[in-house]
Amino acid sequence: MESIDNESIHEFKDEILSIPEMKAQKSQPIQELGEGSFSGGLQAKGDKMWRNVVCRSIKTVVLSNKLNMLMPFGPLAIFVHIFTGHNGWVFFLTLLGITPLAERLGYATEQLAFYTGPTVGGLLNATFGNATELIISIYALKHGMLRVVQQSLLGSILSNMLLVLGCAFFSGGLVFQDKEQVFNKATAVVNSGLLLMAVMGLLFPAVLHYTHTEVHFGKSELALSRFSSCIMLLAYVIYLFFQLKSQKNLYVPLNEEGNQNEENSDDDDDETPEISKWESIIWLIIMTSWISFLSEYLVNAIEGASVAWKIPISFISVILLPIVGNAAEHASAIMFAMKDKLDISLGVAIGSSTQISMFGIPFCVVIGWIMGRPMDLNFQLFETATLFITVLVVAFLLQDGTSNYFKGLMLILCYLIVAASFFVHVDDPSAADEAGT
């Protein structure tokens with residue numbers, strides 16, 4: 001009996017000693033299960049957070065603007081090109097598809113400018129503000145369509161100075177008929193001076209060509225254009241420094257100086273970015289890449305569209321193409337004018353014209369130089385005369401620092417005259433051949 005009792009006692013002790021080990025073994029899988037579920041929960045929350053960020057960003061950038069309803073026309077143009085090859089429809093659909101992309105590209109640039117400060121923001125606006133025109137021009141340069149490059153850039157300047165600024169003055173004047181809208185004359189004077197400098201850069205190669213006074217026929221004109229382009233690019237860089245660093249107070253809008261409603265300045269101070277910095281950069285890359293892709297189809301379809309629609313290429317290049325690139329400027333200039341922020345409208349319209357004339361055109365000349373294309377500043381007499389008269393008309397209307405709906409109507413009517421002129425204008429075949437060689 002004693003041996004049986006001793007054995008049972010020893011078994012009981014062994015069971016007691018084994019209980020902590022059993023607890024430890026049981027607690028280990030429970031602990032591992034808890035850690036696994038915690039990390040899985042964090043991963044699920046992270047995935048959900050990223051999905052929310054992406055959905056919010058798409059809703060803000062893509063779904064918040066009615067103009068973006070035109071975006072599906074871009075892929076539709078590609079399908080039409082593949083299955084039908086009808087250049088007229090491909091050009092039309094591509095034109096519609098690029099229009100909202102150009103506007104959203106300007107939006108993403110403005111959002112990124114909130115995080116970069118005025119200096120880098122100015123450089124971003126110079127680079128991406130007219131990126132659509134530059135992308136189309138580079139593709140046209142690549143295909144040797146030098147006259148399309150010249151006329152599309154010229155058309156962008158004319159569109160901004162006459163149509164965009166005219167619509168801004170007209171809409172702002174209708175909203176504020178009981179008072180005279182004012183803007184900072186200093187900005188207008190400097191921009192007008194830069195535009196006249198650009199006209200001078202385009203005028204001399206044309207005069208040199210048509211007076212047959214070149215030292216080396218065909219070479220002096222090209223050499224002068226490349227030299228003048230480098231000078232114009234240098235002048236534009238100095239202008240940016242002058243505007244953003246040296247003379248900041250000269251470019252403060254009047255409504256921020258207290259000469260207009262205090263509410264306007266309060267609204268400016270309350271403006272905050274709608275998307276983050278990295279979202280802006282990603283959208284810039286997406287929009288620029290998609291515009292570049294569609295621009296290839298657009299440029300290839302220009303000549304076919306001209307034949308199909310029986311419209312001169314000069315009208316397509318000067319009037320139709322700039323409508324796409326200036327969609328953002330057109331919408332924002334009218335919006336700011338109707339809010340009595342005329343300085344911003346003027347900066348959008350005239351500032352964009354200055355960018356194209358002092359940065360875009362010389363930049364394309366330099367790019368053509370690198371590509372081995374004889375891109376020059378000889379825009380032919382008809383185009384150069386049109387630009388010269390346009391700059392003079394706008395400079396006279398801006399000299400008093402005021403605007404009303406009648407001034408806007410005059411600019412719009414001037415643009416209609418320019419459009420009608422290019423509708424009946426056909427390039428001299430010999431001049432077109434010289435530009436393509």
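These exercises work through helix geometry and whole-chain totals in a predicted model.

**Exercise 1. Determine how helices H10 and H14 are oriented to each other.**

Step 1. Locate the elements: H10 covers residues 313–325 and H14 covers residues 405–423.

Step 2. Two packed helices are described by the angle between their axes and the distance between the axes. Here the axes come within 8 Å and cross at roughly 155 degrees.

Step 3. Angles over 145 degrees count as roughly antiparallel. H10 and H14 are therefore roughly antiparallel to each other.

**Exercise 2. List the residues through which H10 and H14 meet, and sort them by class.**

Step 1. On the H10 side, the residues are Ser314, Phe315, Val318 and Ile319.

Step 2. On the H14 side, they are Tyr415, Ala419, Phe422 and Phe423.

Step 3. Sorting this contact by class gives seven nonpolar residues, one polar residue and no charged ones. Ser314 falls in the polar class, as serine is not on the nonpolar or charged lists.

**Exercise 3. Find where helix H9 bends, and describe the backbone just after H9.**

Step 1. H9 runs over residues 277–309, with a bend of about 45 degrees at isoleucine 302.

Step 2. Just after H9 comes lysine 310, whose phi is positive, at about 55 degrees.

**Exercise 4. Summarise the chain by its elements, burial, contacts and surface.**

Step 1. The chain holds 15 helices and two strands.

Step 2. Of its 437 residues, 47% are buried.

Step 3. Among contacts with a separation of 6 or more, 83% are between residues 24 or more positions apart.

Step 4. The accessible surface is about 22,200 Å², and carbon and sulfur atoms account for 67% of that surface.

Conventions
Residues numbered from 1 in each chain as written. Predicted model: local features only at pLDDT ≥ 70, side-chain atom pairs only at ≥ 80, totals over all residues. Heavy atoms only, no water. Axes fitted to C-alpha atoms, helices over the stretch in contact; angles between N-to-C directions. Helix = DSSP H or I, 4+ residues; strand = E, 2+ residues; numbered from the N terminus. Parallel < 35°, antiparallel > 145°, perpendicular 65-115°, else oblique. Contact = heavy atoms within 4.5 Å. Bend = angle between axes of the 7 residues up to and from the residue. Buried < 20%, exposed > 50% of the residue type's maximum accessible area, 1.4 Å probe, protein only. Areas by Shrake-Rupley, 256 points an atom, 1.4 Å probe, with all protein chains shown as cover.
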